[in-house]
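User: I'm new to reading protein models and would like to go through this one step by step. Could you show it to me and take my questions?

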Amino acid sequence: MNWYIEALKKYAHFKGRARRTEFWMFILFYNLVLFGLMFIDMALGTYDSQEGIGDISALYVLATFIPTIAVNVRRLHDVGYSGWWFLLWFIPLLGHIALVVMYCQDSKSGETKHGPSPKEPEVAAA
């Protein structure tokens with residue numbers, strides 16, 4: 001849960017890197033909260049089966065839209081890609097598969113143009 005909250009604290013922080021744990025924990029808790037809110041929408045009668053979302057869950061999706069994109073961009077930075085690769089999401093099947101493959105890759109070691117590796121401890125200046 002801490003990874004999810006940390007990602008939300010970096011609301012519109014598109015620079016830097018997000019390791020696999022941060023990204024996948026964010027995705028896990030995002031979806032758990034979303035499904036919980038959809039269940040509440042169904043219980044309250046605000047769920048629209050044709051749209052596949054309810055009023056409360058739609059507000060949640062809108063409120064977390066920017067942090068979700070930001071954590072995706074930071075994850076792409078961590079594996080050595082530009083954040084613009086996130087636009088593959090708009091290609092229905094192949095784009096989704098390509099992004100999942102990118103998200104599952106290990107972090108690039110050392111410092112990149114997007115910052116130091118979040119996996120490696122910072123070396124204190126002597």
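User: How many helices and strands does the chain have?
Analyst: This is a predicted model, where local features need pLDDT of at least 70 and side-chain atom pairs count only at pLDDT 80 or more, while totals for chains, interfaces and linings use all residues. Residues are numbered from 1 along each chain as its sequence is written, and side-chain values use heavy atoms, with hydrogens and water left out. Helices (H or I, at least four residues) and strands (E, at least two) are DSSP runs, numbered from the N terminus. Going from the N terminus, the order is α-α-β-β-α-α-α, and the tally is five helices and two strands.

User: What share of the chain is buried?
Analyst: Let's fix the word: buried means under 20% relative accessible area, exposed means over 50%, and partly exposed is in between (1.4 Å probe, protein chains only). The chain has 126 residues, and the buried share of them is 33%.

User: What percentage of the contacts with a separation of 6 or more comes from residues 24 or more positions apart?
Analyst: A contact here means heavy atoms within 4.5 Å. Take the contacts in the chain with a separation of 6 or more; the part from residues 24 or more positions apart is 62%.

User: How are H1 and H2 oriented to each other?
Analyst: Two packed helices are described by the angle between their axes and the distance between the axes. Axes are lines fitted to C-alpha atoms, for helices over the stretch in contact, and angles run from 0 to 180 degrees between N-to-C directions. Helix H1 (residues 2–9) and H2 have axes that come within 8 Å and cross at roughly 95 degrees. Angles under 35 degrees count as roughly parallel, over 145 as roughly antiparallel, 65 to 115 as roughly perpendicular and the rest as oblique, so H1 is, with respect to H2, roughly perpendicular.

User: And which way does H2 run relative to H3?
Analyst: Helix H2 (residues 20–44) packs against helix H3 (residues 55–63) at an angle of about 155 degrees, and their axes are 7 Å apart. That makes the pair H2 and H3 roughly antiparallel.

User: What kinds of residues make the contact of H2 with H3?
Analyst: On the H2 side you'll find Phe29, Tyr30 and Val33 among others, and on the H3 side the list includes Ile56, Tyr60 and Val61. For sorting, Ala, Val, Leu, Ile, Met, Phe, Trp, Tyr, Cys and Pro count as nonpolar, Asp, Glu, Lys and Arg as charged, and the others, Gly among them, as polar. The split is eleven nonpolar, one polar and two charged.

User: How many salt bridges are there?
Analyst: Side chains of opposite charge can pair when their charged atoms come close. The rule used is a side-chain nitrogen of Lys or Arg within 4 Å of a carboxyl oxygen of Asp or Glu. Counted that way, the total is six.

User: Which residue pairs with Arg20 in a salt bridge?
Analyst: The closest N and O atoms of this pair are 3.3 Å apart, and the partner is Asp106. Arg20 sits in helix H2 and Asp106 in the segment after H5, so the pair ties together parts that are 86 residues apart in sequence. Arg20 is partly exposed at 32%; also partly exposed, at 43%, is the partner, Asp106.

User: Are Glu22 and Arg74 buried or exposed?
Analyst: These two side chains meet in a salt bridge at 3.0 Å, N to O. Glu22 lies in helix H2 and Arg74 in helix H4 (residues 65–78), so the pair ties together parts that are 52 residues apart in sequence. Together with Lys10, Glu22 and Arg74 are linked in a salt-bridge network. As for accessibility, both Glu22 and Arg74 are buried.

User: Which backbone oxygens does the side chain of Arg75 reach?
Analyst: Arg75 lies in helix H4 and, with 0% relative accessibility, counts as buried. A polar contact is a pair of N or O atoms within 3.5 Å; within protein, one must be able to donate a hydrogen and the other to accept it, and residues adjacent in sequence count only if both atoms are side-chain atoms. The Arg75 side chain gets to one backbone oxygen at 3.2 Å, that of Ala18, and to another at 3.1 Å, that of Tyr103.

User: Which side chain does His114 join in a polar contact?
Analyst: His114 is placed in the segment after helix H5 (94–104). Leaving aside neighbours within four places in sequence, its contacts include Gly16, Arg17 and Tyr81. The polar contact is 3.5 Å, and the side chain joined to His114 is that of His77.
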